[in-house]
Amino acid sequence: MSEDIKILAIETSCDETSAAVVVNGREVLSNIISSQIDIHTKFGGVVPEVASRKHVEAIGFVVQEALDKAGVTLDEIDAIGVTYGPGLVGALLVGLQYAKGLAYALKKPLIGVNHIEGHISANFIQYKELKPPFVCLVVSGGHTFIVYMKDYGEFEVLGQTRDDAAGEAYDKVARAIGLGYPGGPKIDKLSKEGNPQAIKFPRANFHDDKSLDFSFSGVKSAVLNYLNQMEMKKEEINKADVAASFQKAVVDFLVDNAMKACKLKKVNKIAVAGGVAANSCLRETLISAGRKDNIDVLFPEFVLCTDNAAMIGSAAYFEYMKGNAAPLTLNAIPNLKLGER
Ligand code: KG4
Ligand code: ZN
């Protein structure tokens, strides 16, 4: 039997400083997440300069805590995995430089990980037997993709957003109805008290039935127009109805394309990834659509949906096994594409 591979993973692409120790890409010994949400909430969104400074303050403590909780010393680590894109450049550089310093000092391989691949990999932690191929719906604050995962680290993008990401639309609509940042969880909660049929917000029409692309800026603008009109008419706005109706438009779009992608690729497995995968309406709607078509719907647990280093440790393991170590000159790539190295 081969020896276990232990990866120390670091993630600092946005507003969470996180470090984890992951064994063989599937078993999490520790997953420490230091969130900056309270600080950014005051500004109504992530302030890149503030995020970088807070990562600098936290990174050393977070890495030490991840090692302590895992009961592992740096000597026992086989490789250092780190997110090098996509994300905020200043934020990425903090984690990347820290990881490079460790890799250099310890003479251990450095594995650069694409943040989106990390999100997808969260499913390998949650479902120990999961193997490609499968379809994955990636829905986060910055990205919305439907991909076909052919093999570990091999992706075919089937569809993507042409404008706003799903999470971004949630955050913008939440701000417009005065719910604050981050908007996704707040709209999710408020929607439970509203009627999703109350207001009909239109979905983008690409005049192409086969397209698996998304567009969320239209529904976002429709909500903003609705709010303006109601204000001009001095009519009372039912925020819960607005939230529920907006959410229905977004979720229906995501679920329809997800089901089309499974049929196109003739697979009966769809995994969901990214912060919006924590959304309760998306979970319920996709699971019930999957049940109708005999498609298994996989969701990682909440803590693995939003940004965390365990998912990076999982993706790093599969790259490590392929011998894909990065040079110490590895730089942060803010707009790194999926499947690109
Ligand atoms: O994946 P993530 O943690 O960070 C990025 O890589 O972008 O995703 C954050 C996004 C935010 O837009 C947040 O509003 C959204 O995920 N989100 C949710 C929920 N929880 C987080 N959106 C809808 N419903 C939720 N329960
Ligand atoms: Zn993310």
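**Notes on the strands, the zinc site and a helix pair**

1. A good place to start is strand β2 (residues 16–23), which is mostly covered, with eight of its eight residues buried. Keep in mind while reading that this is a predicted model. Glu16, Ser18, Ala20 and Val22 point one way from β2, while Thr17, Ala19, Val21 and Val23 point the other way. Residues on both of these sides are buried, Glu16 included.

2. Do have a look at what flanks β2. Strand β1 (residues 6–11) pairs with β2 in the antiparallel sense, over six bridges. Within this pairing, Ile7 stands opposite Val22 of β2. The two strands make a hairpin, and four residues lie between β1 and β2.

3. Strand β3 (residues 27–35) also runs antiparallel to β2, joined to it by eight bridges. Here Ala19 has Ile32 of β3 as its bridge partner. β2 and β3 form a hairpin too, with three residues between the strands. If you check the backbone there, Asn24 takes a positive phi near 50 degrees.

4. Now to the metal. Which residues supply the protein donors of the zinc ion (ligand 2)? They are His115 (NE2), His119 (NE2) and Asp307 (OD), at 2.0 to 2.1 Å from the ion. Along the chain, these donors follow the spacing H-x3-H-x187-D. The site thus links distant parts of the chain: His119 sits in helix α4, and Asp307 in the loop between α10 (302–305) and α11, 188 residues apart. Both His119 and Asp307 are buried.

5. The helices named in the previous point also deserve a look as a pair. Helix α4 (residues 115–126) packs with helix α11 (residues 309–321) at an angle of about 95 degrees, and their axes are 7 Å apart. Since angles of 65 to 115 degrees count as roughly perpendicular, α4 and α11 are therefore roughly perpendicular to each other.

6. Who makes this contact? From α4 come His115, Glu117, Gly118, His119, Ser121, Ala122, Phe124 and Ile125. From α11 come Ala310, Met311, Ile312, Ser314, Ala315, Phe318 and Glu319. By class, the contact of α4 with α11 has eight nonpolar, five polar and two charged residues. One detail to enjoy: His115 and His119 belong to this contact and are also among the zinc donors.

Technical notes
Residues numbered from 1 in each chain as written. Chains lettered and ligands numbered in written order. Predicted model: local features only at pLDDT ≥ 70, side-chain atom pairs only at ≥ 80, totals over all residues. Heavy atoms only, no water. Axes fitted to C-alpha atoms, helices over the stretch in contact; angles between N-to-C directions. Parallel < 35°, antiparallel > 145°, perpendicular 65-115°, else oblique. Contact = heavy atoms within 4.5 Å. Nonpolar A, V, L, I, M, F, W, Y, C, P; charged D, E, K, R; others polar. Buried < 20%, exposed > 50% of the residue type's maximum accessible area, 1.4 Å probe, protein only. Pairing = 2+ DSSP bridges. Donors = N, O, S within 2.8 Å, 3.2 Å for Na, K, Ca; no water.
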